[in-house]
Amino acid sequence: MTDFARKLICWYAENRRDLPWRHTDDPYRIWVSEIMLQQTRVEAVKPYYERFLSALPDVTALAGADDELLNKLWQGLGYYARVRNMKKAAQICVKDYGGRLPGTYKELLTLPGVGAYTAAAIAAFAYGEAHPAVDGNVKRVVSRYLGDATPVEEPAFDRRARDFLYAQIPPDRAAAFDQALIELGATVCGPDREALCGGCPLVDGCAAFRDGKTTCLPVRKEKKERKTEERTVLCVVFNGKTALCKRPGKGLLSGLWEPPTLEGAKSENEVRAYLTARGVRVQAVTSLPPARHIFTHIVWEMKGYKVEALSAGEFDFYGREEYEKRALPSAFKPFFADLLPKR
Ligand code: ADE
């Protein structure tokens, strides 16, 4: 074993967090956790992980799951394409792999939504195959350890990181090695100013530490500016029920539910006119505090109105039970309290 691997794995044995997905070698459970953990913090994932697995305990259950249920189980995690891809992948597993995840890294890579990181994580944690799982945490560690200022989004960086880690990963301790690197990046070698080098097992060989560059690395490419879009959100209540519409099947937040939402920032009169034209008799309109939601590429600046209606018009209204079955994106969270009367 290399010095790097030995120090890392010893450190992990002493310092690992006890996380639910570290008690299993079931590839399905590992897959679910690793997909959830992309873009989402460990603490936020925990309740979702348990709930998802109780509802859908295996590949076959996921392959046959209703899309409404899937979206509901994912509500609040964001990046819903992740769960749509998981269902597609599960259907392939049922068709081609007897209802199990494929048993090798190479085959895992062919599944929708399973990239090099996820395939390596599943292959290492479930099967002990020696592939480095290189996520953002691990890139940070490697960038600092090697003192490599190539932007971490560049393929050249990825290649170098992989070459380095393939040379370090012990063939018989791949799972511990990969978990340890992820753990180190999450807890010791943190983003920005958070590197806690005093507790790092790799500090002796770390170029960034030696050169005082831990705060300059990793280098990231400048992100494109997000586009701002104005929206007007209508919390329309009629007979104790709330109006909800299903978003289109394609594009941002596809297939999720939302209160009636208009493009642009509308005035109270425009809102009244819009609803009246759709057959709603409006009793009262009051304006709500504005809200903002930041997506990867877009920002929504939302104006909100609470509307008391005297008829349903063209809209479908839902009581609490029906409402709670439906997945509403977190973007509308600031308005959730106004969608239904208080219990
Ligand atoms: N982030 C991604 N994968 C993880 C794992 N297995 N444990 C903790 N955090 C993670």
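F238 stands opposite K241 in β2, and that pair is a handy way into the strands of this predicted model. Residues are numbered from 1 along each chain as its sequence is written. In this predicted model, local features need pLDDT of at least 70 and side-chain atom pairs count only at pLDDT 80 or more, while totals for chains, interfaces and linings use all residues, and side-chain values use heavy atoms, with hydrogens and water left out.

Strand β1 covers residues 227-238, and 9 of its 12 residues are buried. Here, buried means under 20% relative accessible area, exposed means over 50%, and partly exposed falls in between (1.4 Å probe, protein chains only). Helices (H or I, at least four residues) and strands (E, at least two) are DSSP runs, numbered from the N terminus. Strands pair if DSSP finds at least two bridges between them. With β2 (residues 241-243), β1 pairs in the antiparallel sense over 2 bridges. The hairpin of β1 and β2 has 2 residues between the strands, and N239 takes a positive phi near 55° there. Strand β5 (residues 261-263) also runs antiparallel to β1, joined by 3 bridges, with T232 standing opposite L262.

The pairing of β1 with β7 (residues 298-309) is parallel and spans 11 bridges. K227 has I298 of β7 as its bridge partner, and C235 has K306 of β7. Strand β7 is largely enclosed by the rest of the structure, because 9 of its 12 residues are buried. On β7 there is also β6 (residues 282-294), which runs antiparallel to β7 and is joined to it by 10 bridges. H293 stands opposite W300 in β7, and the hairpin of β6 and β7 has 3 residues between the strands.

Back to C235, this time for its sulfur. A search of the whole structure finds 0 disulfides (a disulfide being a pair of cysteine sulfur atoms within 2.5 Å). For C235, the closest cysteine sulfur is in C245, 12 Å away, so that pair is too far apart for a bond. C235 counts as buried because its relative accessibility is 0%. The sulfur of C189 has its closest cysteine sulfur in C200, and at 6.2 Å this pair is also too far apart for a bond. C189 counts as buried too, because its relative accessibility is 10%.

Now for the ligand. The residues around it are L19, W21, R22, E34, L37, V42, Y117, D135, Q179 and I182, where a residue is near a molecule or strand if one of its heavy atoms lies within 4 Å of it. By class, this shell has 6 nonpolar, 1 polar and 3 charged residues. Ala, Val, Leu, Ile, Met, Phe, Trp, Tyr, Cys and Pro count as nonpolar, Asp, Glu, Lys and Arg as charged, and the others, Gly among them, as polar.

Three side chains put a polar atom by a ligand nitrogen. A polar side-chain atom of E34 lies 2.7 Å from a nitrogen atom of the ligand. For Y117, a polar side-chain atom lies 3.0 Å from a nitrogen atom of the ligand, and for R22, an N or O atom in the side chain is 3.1 Å from one. The protein covers 95% of the 260 Å² of accessible area that the ligand has on its own, with areas coming from the Shrake-Rupley method with a 1.4 Å probe and, for residues, only the protein chains shown counting as cover. The elements that give two or more residues to the shell are α2 (27-37) and α11 (174-187).

E34 also sits across from a residue that is remote in sequence: I122 and E34 are 88 residues apart in sequence and 8.1 Å apart in space, C-alpha to C-alpha. I122 belongs to helix α8 (residues 116-127) and counts as buried because its relative accessibility is 0%.

A final stop is the loop between α9 (136-146) and α10 (155-168), where T150 is found. T150 counts as buried because its relative accessibility is 17%. Its side chain and that of D148 are joined by a polar contact of 2.5 Å. A polar contact is a pair of N or O atoms within 3.5 Å; within protein, one must be able to donate a hydrogen and the other to accept it, and residues adjacent in sequence count only if both atoms are side-chain atoms.
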